[in-house]
Amino acid sequence: KRAIALELKASAARRPVEGTGLFGGPLTLPIPGGDAELAFADAGRCFNVNSLVTGGPGEYRRQDEAVAELIALGLAAGIGEGDMRSLAATAVDWIDSDLSPEAGGAEDSYYSARLDPYRTRRPPSATVRRPRALDGVSAGLYRAIAPYLCAAPDPAPMVLNANTLRERDAPLLAAAFGGKI
């Protein structure tokens with residue numbers, strides 16, 4: 001027991017403390033003609049929307065485990081299950097390779113029939129700035145879920161660094177554990 005307690009104490013000392021080190025805030029660097037501010041953030045402290053699919057170019061298909069994680073994330077963030085199921089379905093349709101809509105989703109046939117027509121993304125998304133373009137994503141839903149989303153260049157699953165999580169990241173942790181915590 002004593003060895004475990006000592007290891008826990010030592011590991012706590014190695015963890016970054018919010019407000020200190022590289023992640024503590026912007027660093028001011030003097031440069032000719034003024035100053036530059038440089039800020040660091042853990043890019044892995046988010047849900048990769050591209051993980052909703054698996055496969056390669058032209059063969060992207062729904063990744064059920066990631067869909068369940070996204071729904072659990074939304075539930076932990078206080079978003080209703082129906083809204084999250086709809087968001088997951090439309091997000092999968094936005095980046096998967098087929099033209100068949102998920103239950104509750106929307107494909108090119110839906111978006112191209114709008115007054116302001118456009119097409120789904122198809123390859124993995126490069127940004128999470130476009131979720132409002134998805135069918136059924138209201139401004140309120142976007143504001144509630146956006147802080148937890150990112151778009152990595154590949155469909156890699158979410159991997160969290162427990163050493164950089166903050167209390168406000170609790171929904172990400174809940175998603176990683178399938179909503180069981």
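# Questions at the model

Visitor: Which strand gives the most to the nonpolar patch?
Guide: This is a predicted model. The patch lies on the surface and is formed by Leu27, Leu29, Ile31, Leu38 and Phe40. The top contributor, with three residues, spans residues 27-31: strand S1.

Visitor: How much accessible area do the residues of that patch have together?
Guide: The patch is nonpolar and sits on the surface. Leu27, Leu29, Ile31, Leu38 and Phe40 make it up. Together their accessible area is about 390 Å².

Visitor: Is Leu29 buried, partly exposed or exposed?
Guide: Leu29 lies in strand S1. Its relative accessible area is 38%. Buried means under 20% and exposed means over 50%. The value falls in between, so Leu29 is partly exposed.

Visitor: How far apart in space are Leu27 and Ala39?
Guide: Leu27 is also found in strand S1, and at 33% relative accessibility it counts as partly exposed. In sequence, Leu27 and Ala39 are 12 residues apart. In space, C-alpha to C-alpha, the distance is 6.2 Å.

Visitor: What pattern does the protein follow along the sequence?
Guide: The protein has six helices and six strands. Read from start to end, the order is α-β-β-β-β-β-α-α-α-α-β-α.

Visitor: At what angle do helix H2 and H3 pack?
Guide: H2 covers residues 64-76. Its axis and that of H3 are 9 Å apart, and the crossing is right-handed. From H2, the contact uses Val67, Leu70, Ile71, Gly74 and Leu75; from H3, it uses Glu81, Met84, Arg85, Ala88 and Val92. The angle is about 145°.

Visitor: Does Leu99 count as buried or exposed?
Guide: Leu99 has its place in the loop between helix H3 (81-95) and helix H4 (108-111). Its relative accessibility is 57%. The cut-off for exposed is over 50%. Therefore Leu99 counts as exposed.

Visitor: How far apart in space are Leu99 and Ser109?
Guide: Along the sequence, 10 residues separate Leu99 and Ser109. From C-alpha to C-alpha, the spacing is 8.2 Å.

Visitor: How many residues apart are Arg45 and Asp169?
Guide: The structure holds four salt bridges, and one of them joins the side chains of Arg45 and Asp169 at 3.0 Å, N to O. Arg45 sits in the loop between strand S2 (34-38) and strand S3 (47-48), while Asp169 sits in the loop between strand S6 (149-150) and helix H6 (170-176). Both Arg45 and Asp169 are buried. The pair links distant parts of the chain, with a separation of 124 residues.

Visitor: Which residues do salt bridges that share partners join into one network?
Guide: The side chains of Asp64 and Arg62 meet in a salt bridge at 2.5 Å, N to O. Glu102 and Arg62 meet in one too, at 2.5 Å; this pair spans 40 residues, from strand S5 (residues 61-62) to the loop between H3 and H4. Arg62 is the shared partner in these bridges. The network is Arg62, Asp64 and Glu102.

Visitor: Is Glu102 buried or exposed?
Guide: Its bridge partner Arg62 counts as partly exposed, at 34% relative accessibility. Glu102 has a relative accessible area of 18%. The buried cut-off is under 20%, so Glu102 is buried.

Visitor: What share of the residues of the protein count as buried?
Guide: The protein exposes about 10900 Å², and carbon and sulfur atoms supply 57% of that. It has 181 residues. The buried share is 33%.

Technical notes: Residues are numbered from 1 along each chain as its sequence is written. This is a predicted model: local features need pLDDT of at least 70, side-chain atom pairs count only at pLDDT 80 or more; totals for chains, interfaces and linings use all residues. Side-chain values use heavy atoms; hydrogens and water are left out. Patches are made of residues with over 30% relative accessible area and no salt bridge: like charges are joined within 9 Å, nonpolar side chains (Val, Leu, Ile, Met, Phe, Trp, Tyr) within 5 Å. Accessible areas come from the Shrake-Rupley method with a 1.4 Å probe; for residues, only the protein chains shown count as cover. Helices (H or I, at least four residues) and strands (E, at least two) are DSSP runs, numbered from the N terminus. Buried means under 20% relative accessible area, exposed over 50%, partly exposed in between (1.4 Å probe, protein chains only). Axes are lines fitted to C-alpha atoms, for helices over the stretch in contact, and angles run from 0 to 180 degrees between N-to-C directions. A crossing is left-handed if the near helix is turned anticlockwise from the far one by less than a right angle, and right-handed if clockwise. Contact means heavy atoms within 4.5 Å.
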